[in-house]
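Trainee: Could you walk me through this one, a bit at a time?

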Amino acid sequence: MSIPTDQLLTTCDIYRPFGAGSPTYTNVPCRLVPDLSRGRNAVFAGLSWTHYLVLDATADVLDGCTRLPGAATVTYADGDEVRIPTGASSPRFVVVWVE
């Protein structure tokens with residue numbers, strides 16, 4: 001199910017891998033939501049975050065987290081880089097978790 005476009009208030013560029021010289025996808029509709037207090041107090045597998053990003057289900061964005069079979073611990077690595085709003089000089093965010 002697609003998210004109504006009026007709910008995705010800006011656009012972002014997705015770079016793969018983090019730090020790539022050029023974007024993999026450009027002008028992807030999105031909404032960036034601040035979530036520092038919840039992200040800082042998270043106890044989910046040691047992950048923390050400052051924002052979450054709402055994207056349409058068709059968007060292709062990857063996290064860099066892995067978990068060994070049968071283990072509860074998540075190993076963090078850089079996922080995709082997201083720049084919001086679209087543009088090379090925009091603030092950079094690393095994708096921590098995708099669901």
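**A look at D80 and beyond**

Mentor: Let's begin with D80, which counts as buried at 3% relative accessibility, buried meaning under 20% relative accessible area with a 1.4 Å probe, protein chains only. This is a predicted model, where local features need pLDDT of at least 70, side-chain atom pairs count only at pLDDT 80 or more, and totals for chains, interfaces and linings use all residues. Residues are numbered from 1 along each chain as its sequence is written, and side-chain values use heavy atoms, leaving out hydrogens and water.

Trainee: Which backbone nitrogen does the side chain of D80 reach?

Mentor: First place D80: it's in the loop between β3 (51-55) and β4 (81-83), strands being DSSP runs of E, at least two residues, numbered from the N terminus. Leaving aside residues up to four places away in sequence, D80 touches several others, including V61 and L62; touching means heavy atoms within 4.5 Å. At 2.8 Å, its side chain reaches the backbone nitrogen of L62.

Trainee: Which elements give two or more residues to the largest nonpolar core?

Mentor: A nonpolar core is a set of buried Ala, Val, Leu, Ile, Met, Phe, Trp, Tyr and Cys residues joined through side-chain atoms within 4.5 Å. The largest one has nine residues, among them C12, I14, V28 and C30. The elements giving two or more are β1 (10-15) and β2 (25-34).

Trainee: And how far is the charged end of R83 from the centre of the ring of Y15?

Mentor: To sit over a ring, CZ of Arg must be within 6 Å of the ring centre and within 35 degrees of the ring normal. R83 sits over the ring of Y15, and the distance is 4.2 Å.

Key: Buried < 20%, exposed > 50% of the residue type's maximum accessible area, 1.4 Å probe, protein only. Helix = DSSP H or I, 4+ residues; strand = E, 2+ residues; numbered from the N terminus. Polar contact = N/O pair within 3.5 Å; in protein donor to acceptor, adjacent residues only side chain to side chain.
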